Amino acid sequence: SLLETPEFKSMHSPLALALGKNVSGEPVVADLSKMPHLLLAGTTNSGKSICLAALICCLVMNNTPHDLKLVMLDPKMVELARFNGLPHLIGSVETEIERMLAVLRWALAEMDNRYRLMAEAKVRNLESYNRKMLQKKQDTLPRLVIFVDELADLMMSSPDQTEHNLIRLAQMARPTGIHMVVATQPPSRDIV
């Protein structure tokens, strides 16, 4: 029902997200393209994975597989598996740590490649690049959204590689049309 609200329809963004309703019952919407990235934090059974699924549905409803590609990393192996076979998905939902790390390295290489293409085209972001390519009747680049469920599990398995890759993506990926949506548990209060 949130996808049919005037608030959501007026977003006019391919990365529009229906986040829910506020305490007054009014729809809350956001634009992922205007955020650096999105972090969902909460305790076990607080609804993080359900929120991820809802966000994925919003993006899939608004975009063709040509315009949007999704990457999903799920260390728990159960929450995102339902999206296997989705035409927007690159490969399948990754559940093995080594493959997840390889996907993050691939995302860094893709980001660097997009920066090279944008430099050659003399543009600063994906939207300008795609506009220029359309004018030249050449192929455009899709937006890419990387979903990570339970980042804490991935961090515990391989902290150094995961942190390095995520930090670099978080700092540099947005102009290239690569965005991340990450769900994790907040750190324990016992940890200083």
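## Salt bridges and helix packing in a predicted model

The side chains of Lys 76 and Glu 150 form a salt bridge with an N to O distance of 3.6 Å; a salt bridge is a side-chain nitrogen of Lys or Arg within 4 Å of a carboxyl oxygen of Asp or Glu. This pair links distant parts of the chain, 74 residues apart: Lys 76 is in the loop between β4 (68-73) and α3 (97-121), and Glu 150 is in the loop between β5 (143-149) and α5 (151-157). Helices (H or I, at least four residues) and strands (E, at least two) are DSSP runs, numbered from the N terminus.

The structure is a predicted model, in which local features need pLDDT of at least 70 and side-chain atom pairs count only at pLDDT 80 or more, while totals for chains, interfaces and linings use all residues. Residues are numbered from 1 along each chain as its sequence is written, and side-chain values use heavy atoms, with hydrogens and water left out.

### Charged pairs

By the rule given above, the count comes to 8 salt bridges. Three of them are tabulated here with the relative accessible area of each partner; buried means under 20% relative accessible area, exposed over 50%, and partly exposed in between (1.4 Å probe, protein chains only).

| Salt bridge | Closest N and O atoms | First partner | Second partner |
|---|---|---|---|
| Lys 76 and Glu 150 | 3.6 Å | Lys 76: 33%, partly exposed | Glu 150: 6%, buried |
| Glu 94 and Arg 99 | 2.7 Å | Glu 94: 9%, buried | Arg 99: 45%, partly exposed |
| Arg 168 and Asp 112 | 3.0 Å | Arg 168: 25%, partly exposed | Asp 112: 23%, partly exposed |

Arg 168 lies in helix α6 (residues 159-172) and Asp 112 in helix α3, so their salt bridge ties together parts that are 56 residues apart in sequence. Salt bridges that share partners also join Lys 48, Lys 76, Glu 79, Arg 82 and Glu 150 into one network.

### Packing of α3 and α6

Helices α3 and α6 pack with their axes 10 Å apart and at an angle of about 30°. Axes are lines fitted to C-alpha atoms, for helices over the stretch in contact, and angles run from 0 to 180 degrees between N-to-C directions. The two helices are therefore roughly parallel to each other, a description applied to angles under 35 degrees. The crossing of α3 past α6 is left-handed, meaning that the near helix is turned anticlockwise from the far one by less than a right angle. On the α3 side, the contact (heavy atoms within 4.5 Å) includes Leu 101, Leu 104, Leu 108, Met 111 and Asp 112. Among the contributors from α6 are Asn 165, Leu 166, Arg 168 and Leu 169.

### Individual residues

Arg 143 lies in strand β5 and counts as buried at 17% relative accessibility. Its C-alpha atom is 9.1 Å from that of Pro 14, although the two residues are 129 apart in sequence. Leaving aside neighbours within four places in sequence, Arg 143 is in contact with residues including Pro 14, Leu 15, Asp 67, Leu 126 and Gly 177.

Ile 50 is placed in helix α2 (residues 48-62) and counts as exposed, at 65% relative accessibility. The C-alpha atoms of Ile 50 and Glu 79 are separated by 8.4 Å, with their positions 29 residues apart along the chain.

Thr 5 is in the segment before α1 (6-9) and is buried, with a relative accessible area of 13%. The side chain of Thr 5 reaches the backbone oxygen of Leu 2 at 2.8 Å.

Methods. Polar contact = N/O pair within 3.5 Å; in protein donor to acceptor, adjacent residues only side chain to side chain. Parallel < 35°, antiparallel > 145°, perpendicular 65-115°, else oblique.
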